[in-house]
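Open the model in your viewer and keep the selection tool at hand. This tour moves from stop to stop and says what to select at each.

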Amino acid sequence: MDNTYLDERLNFPSTTRNREAIAQVLSNYISANGLFLEIASGSGEHGVFFQKTFPSIIWQTSDPEFIHRKSIISWINYLGLSSKMPEPLDIDVEKRPWPITNSLSSLIKGIVCINMIHISPWSCTKAMFEESKCYLEQNHFLMLYGPFLMKEKQTSESNMNFDQSLKLQNPQWGLRHLDQVNKIAFKNGFKLDKVIEMPANNVSVIYRLS
Ligand SMILES: C[S@@+](CC[C@H](N)C(=O)[O-])C[C@H]1O[C@@H](n2cnc3c(N)ncnc32)[C@H](O)[C@@H]1O
C-alpha cells in the first residue's frame with residue numbers, strides 16, 4: 001500500500017470566519033440523514049466542517065477546478081473523513097446535466113452554494129436553479145450564501161467596494177440583486193423560505209422547491 005500522503009489542502013481564510021454561522025443556519029434545514037450537495041466547494045474547508053458538525057448525514061462536495069477538488073480530497077483525508085465523505089464531484093453548473101447518477105440523486109435532500117453567484121457570470125446563477133430542480137423533490141431546499149444587493153437595505157461600503165473589485169477582475173462578475181435571483185428561483189418552481197442576515201454583511205437565502 002502507498003502510504004505517501006500528498007498534502008494539497010488550500011486555505012480560504014473566510015471559511016473559518018463564517019462556517020459556524022452557516023452551520024447554525026443549516027442546522028434548521030438538515031434532516032437527520034440523507035445527502036446534501038454542495039456546489040462550488042472551493043478548498044473543501046466548509047465541506048469537512050459541515051460533515052463533522054452533522055455526522056449523521058453525507059456531505060457531497062463539488063467544484064469544477066481540479067486544484068480545488070485535490071484540496072477537498074486532501075482535507076477529507078487529513079481529517080480522517082474518507083469512510084464517511086465521498087470524493088468531490090466535478091460539477092460546473094453550466095455543464096449540464098451534472099454528473100449525478102440516479103442513485104445519488106435519490107439521496108439528495110438539499111443543495112448548498114456558498115459564495116459562487118457573484119464570482120461567476122449571471123448565466124451560472126440561472127444554470128444552478130434550472131439544474132438543481134432536477135435533483136430535488138418538493139420541499140427540498142436550495143441555500144445560497146454570500147453578499148447580495150437588497151432594495152430594502154443600503155449596501156455597505158465594504159460590499160460596494162467588493163462589487164467594484166469583482167467587476168474589475170471580470171465584468172461578468174459582481175454582487176447580485178436578491179430580487180433578480182428570486183425571479184430566476186420562482187421561474188424554476190422554487191419559493192422563498194427565508195432570508196437571514198449573516199455576519200460581515202452576508203446573507204443566507206433559503207428556497208424550497210414547490
Ligand atoms: C469564492 S470561491 C468560494 C468557494 C467556497 N464555497 C467558499 O465559500 O470558500 C468560488 C468557487 O466557485 C467555483 N465556481 C466558479 N465557477 C463555477 C461554475 N461555473 N460552476 C461551479 N462552481 C464554480 C470556483 O471554482 C470556486 O471554488
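The stops below run from the ligand to the core, then out to the sheet, the helices and the loops. Keep in mind throughout that this is a predicted model.

**Stop 1: the ligand**

Select the ligand and its surroundings. The shell holds 21 residues. Ala40, Gly42, Val93, Ile114 and Asn115 are the closest. Colour the shell by residue class. You should find 10 nonpolar, 7 polar and 4 charged residues.

**Stop 2: the nonpolar core**

Next, show the largest nonpolar core, which has 43 residues. Which members touch the most others? They are Ile39, Ile111, Cys113, Leu142, Met143 and Tyr207. Strand 4, residues 141–146, supplies the largest share of this core, with 5 residues.

Now pick Ile111 alone. Leaving out residues up to four places away in sequence, Ile111 touches Leu37, Ile39, Ser132, Leu136 and Leu142.

**Stop 3: strand 4 and its partners**

Select strand 4. How many of its 6 residues are buried? The count is 5, so strand 4 is mostly covered.

Add strand 3, residues 108–114. Strand 3 and strand 4 run parallel and pair over 5 bridges. To see one position in register, label Val112 and Met143: Val112 stands opposite Met143 of strand 4.

Then add strand 8, residues 202–209. Does strand 8 pair with strand 4 in the parallel or the antiparallel sense? The pairing is antiparallel, over 6 bridges. Here Gly146 faces Val203 of strand 8. Strand 8 is mostly covered too, with 6 of its 8 residues buried. As you step along any strand, recall that side chains in a regular strand alternate between the two faces of the sheet.

**Stop 4: the hairpin of strands 7 and 8**

Bring in strand 7, residues 190–198. Strand 7 pairs with strand 8 in the antiparallel sense, over 8 bridges. Centre on Val203 again. Its bridge partner here is Glu197.

Follow the chain around the turn. The hairpin has 3 residues between its strands, and Ala200 takes a positive phi near 60°. Now click Asn201. It sits in the loop between strand 7 and strand 8. Asn201 also has a positive phi, about 60°, although it is not a glycine. Asn201 has 15 C-beta neighbours inside 10 Å, so it counts as partly exposed.

**Stop 5: helix 5**

Select helix 5, residues 122–132. Thr125, Met128, Phe129, Glu131 and Ser132 are its buried residues. Look down the axis as you colour them. Residues three or four places apart on an α-helix point the same way, because there are 3.6 residues a turn.

What do the buried residues of helix 5 pack against? Show strand 1 (35–39), strand 3, strand 4, strand 6 (176–177), helix 7 (178–187) and strand 7. Ser132 is a residue to revisit, since it also appears among the contacts of Ile111.

Move on into the loop between helix 5 and strand 4, where Asn139 lies. Asn139 is not a glycine, yet its phi is positive, about 80°. It is exposed, with 11 other C-beta atoms within 10 Å.

**Stop 6: helix 6**

Jump to helix 6, residues 157–169. Is it in the open or covered? Of its 13 residues, the number buried is 0, so helix 6 lies largely in the open. Check its length as well. At 1.5 Å a residue, the helix should span 18 Å. Its end C-alpha atoms are 19 Å apart, which agrees.

Step back to Ser156, in the loop between strand 5 (148–149) and helix 6. Ser156 is exposed: 12 other C-beta atoms lie within 10 Å. Draw a distance to Lys126. The two are 30 residues apart in sequence and 26 Å apart in space, C-alpha to C-alpha.

**Stop 7: the loop between helices 3 and 4**

Finish between helix 3 (66–78) and helix 4 (102–105), where Ser83 is found. Is Ser83 buried or exposed? With 6 C-beta neighbours inside 10 Å, it counts as exposed. Draw a line from Ser83 to Trp122. Their C-alpha atoms are 36 Å apart, at a separation of 39 residues in sequence.

Pro97 is in this loop as well. Zoom in on the peptide bond that joins Arg96 and Pro97. It is cis, with omega about 0°.

Note on methods
Residues numbered from 1 in each chain as written. Predicted model: local features only at pLDDT ≥ 70, side-chain atom pairs only at ≥ 80, totals over all residues. Near = placed C-beta within 6 Å. Nonpolar A, V, L, I, M, F, W, Y, C, P; charged D, E, K, R; others polar. Helix = DSSP H or I, 4+ residues; strand = E, 2+ residues; numbered from the N terminus. Expected span 1.5 Å × (residues − 1). Buried ≥ 20, exposed ≤ 12 C-beta atoms within 10 Å, placed from the backbone. Core = buried A, V, L, I, M, F, W, Y, C linked by C-beta atoms within 7 Å. Contact = placed C-beta atoms within 7 Å. Pairing = 2+ DSSP bridges.
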